Amino acid sequence: MSALLRGEKPLLSAIAVILIAYPLEHTLIDSGRSMALIASGVLIAVILSVALRVAHHAEILADRYGEPYGTMILTISAVLVEVVILAILLSHNPSPTLVRDTIYSALMLDINGILGLAALLGGLRHGVQAYNVDSGNTYLTMILCAVGVSMIVPEFIPHMTWKAYSIFNILVMLLLYALFLRLQTGQYAGFFSYRYAHRAGQSPQELHAESEAAHDPSAVRNSAALLVTGLVLIGALSEVMAKTIDVSLAGSGMPVIVPGMLVALISASPEIMTALRAALEDRMQPVVNIALGASLSTVILTVPVIEAIALLSGQPIEMALTAPQTVMMVLTLLAATINLHDGETNAIEGTAHFVLFLTFLMLAALGV
């Protein structure tokens, strides 16, 4: 037990921060913007350190259960974090565009940031990297459908009929995910896996040790419990962070998309490290599964939950993308469709997506 706890210092640190932050919550908020900004920075740093441990334990579970189950564990966990944080933020500051901005930011981060940087770095180290082409094609088709129905079509829905379309949106997203999950874990499971002879940079002894750890029942149980613990801690830390961020950003003139970007970054942080590590080990299939799987899960799981909350509260949310966001989304999905059509990635394709990610950051900084 002591050895297990020594490896979980970020989780122990998070518990310590929670025990300090909750009693001092009102003091931190009432001490002004500077103190709130410092507190927000500390909380975000602790959340990110916990997210790294979540990624570590998700990798152990992925090794144990294989694809597509391993990636599903990570992406669904990340979406749960996102939903929890969004619900907390909306309870303190009911911004009608927060959900839209978060999902949009998550898609830019997942597809252009994670996939782009992974393909760039992996391509520079290993050249062309292979993956199962069926996974890329399937994910992109589903993402295009989900984004179109939930974030582009709403632009043309009259305001007085928003409740009817919200109900339709919830049902369609749940149906889409249920069918996709059924097929992903059933007859089309082979679309989301790829057999690698070895992991670059790892000795046979290291691979044997990883295999033993992944198939040790106690190690698997511990990783599952610690992964859930990490997610709970992230949610608890986010409760305080939501309030300090509100104080930090109030009257600061920061672009309105910033809270959404922060939520997307926090929820995606476990995926970022896992994907980059896989790319540098010459394993592009997990990168594709993580980047595109997280994008799909973000849309078709976040939208129904938040739309349901909006219906229950009677407060409509703005899901329709703005004109610049629509252009960026179309460019992103078009580039991904072209780049992921042949089962191979390279540094050039990664560069294209990473440039789109930098463009997203520039537009966010300009408040566009």
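Two residues are in contact when they have heavy atoms within 4.5 Å of each other. The exercises below apply this term and others to a predicted model.

**Exercise 1. Ser269**

Task: Determine in which helix Ser269 is placed, whether Ser269 is buried or exposed, and which residues Ser269 touches beyond four places in sequence.

Solution.
Step 1. Ser269 has its place in helix 11.
Step 2. The relative accessible area of Ser269 is 6%. A residue counts as buried under 20%, so Ser269 is buried.
Step 3. When residues up to four places away in sequence are not counted, Ser269 touches Leu48 and Ala51.
Step 4. A further pair shows how sequence and space can be set side by side: Ser269 and Val50 are 219 residues apart along the chain, while their C-alpha atoms are separated by 9.6 Å.

**Exercise 2. Val263**

Task: Locate Val263 in its helix, classify Val263 as buried or exposed, and list its contacts outside its neighbours within four places in sequence.

Solution.
Step 1. Val263 belongs to helix 11, which covers residues 258–280.
Step 2. With a relative accessible area of 2%, Val263 is buried, because the cut-off for this class is under 20%.
Step 3. Leaving aside neighbours within four places in sequence, Val263 is in contact with Glu82, Ile85, Leu86, Leu89 and Thr102.
Step 4. For the pair Val263 and Ile73, the separation is 190 residues in sequence and 19 Å in space, C-alpha to C-alpha.

**Exercise 3. Val99**

Task: Carry out the corresponding analysis for Val99, naming its helix, its burial and the residues it touches.

Solution.
Step 1. Val99 lies in helix 6, residues 98–126.
Step 2. Its relative accessible area is 1%, so Val99 is buried.
Step 3. Not counting residues up to four places away in sequence, Val99 touches Leu86, Leu90, Thr302, Ile306 and Met319.
Step 4. Val99 and Gln315 are 216 residues apart along the chain, and 13 Å separates their C-alpha atoms.

**Exercise 4. The chain as a whole**

Task: Describe the chain by its helices and strands, its radius of gyration, its buried share and its contacts.

Solution.
Step 1. The chain contains 14 helices and two strands.
Step 2. Its radius of gyration is 20 Å, and the globule rule gives 21 Å for 368 residues; these values are close, so the chain is as compact as a globular protein of that length.
Step 3. Along the principal axes, the C-alpha atoms fill a box of roughly 55 × 50 × 35 Å.
Step 4. Of the 368 residues, 50% are buried.
Step 5. Among contacts with a separation of 6 or more, 87% join residues 24 or more positions apart.
Step 6. The accessible surface is about 16,300 Å², and carbon and sulfur atoms account for 69% of this area.

**Exercise 5. The largest cavity**

Task: State how many cavities of 30 Å³ or more the whole structure has, and describe the lining of the largest cavity by class.

Solution.
Step 1. Rolling a probe the size of a water molecule over the atoms shows where empty space is left.
Step 2. The search of the whole structure finds three cavities of 30 Å³ or more, and the volume of the largest cavity is about 70 Å³.
Step 3. Eleven residues line the largest cavity, and the closest to its centre are Met72, Thr75, Gln184, Gly293 and Ser297.
Step 4. Helix 5 (69–92), helix 8 (162–184) and helix 12 (284–313) are the elements that give two or more residues to this lining. Helix 5 gives the most, with four residues.
Step 5. By class, the lining has six nonpolar, five polar and no charged residues.

Conventions. Residues are numbered from 1 along each chain as its sequence is written. This is a predicted model: local features need pLDDT of at least 70, side-chain atom pairs count only at pLDDT 80 or more; totals for chains, interfaces and linings use all residues. Side-chain values use heavy atoms; hydrogens and water are left out. On a 1 Å grid over the protein atoms alone, a cavity is a set of points where a 1.4 Å probe fits but cannot get out, and a pocket is an open set with protein on both sides within 12 Å along at least five of seven lines; lining residues have an atom within 4 Å of a point. Grid points are joined across faces, edges and corners, and a volume is the space filled by probe spheres set on the points. Ala, Val, Leu, Ile, Met, Phe, Trp, Tyr, Cys and Pro count as nonpolar, Asp, Glu, Lys and Arg as charged, and the others, Gly among them, as polar. The radius of gyration is taken over C-alpha atoms; the globule rule is 2.2 Å times the number of residues to the power 0.38. Buried means under 20% relative accessible area, exposed over 50%, partly exposed in between (1.4 Å probe, protein chains only). Accessible areas come from the Shrake-Rupley method with a 1.4 Å probe; for residues, only the protein chains shown count as cover.
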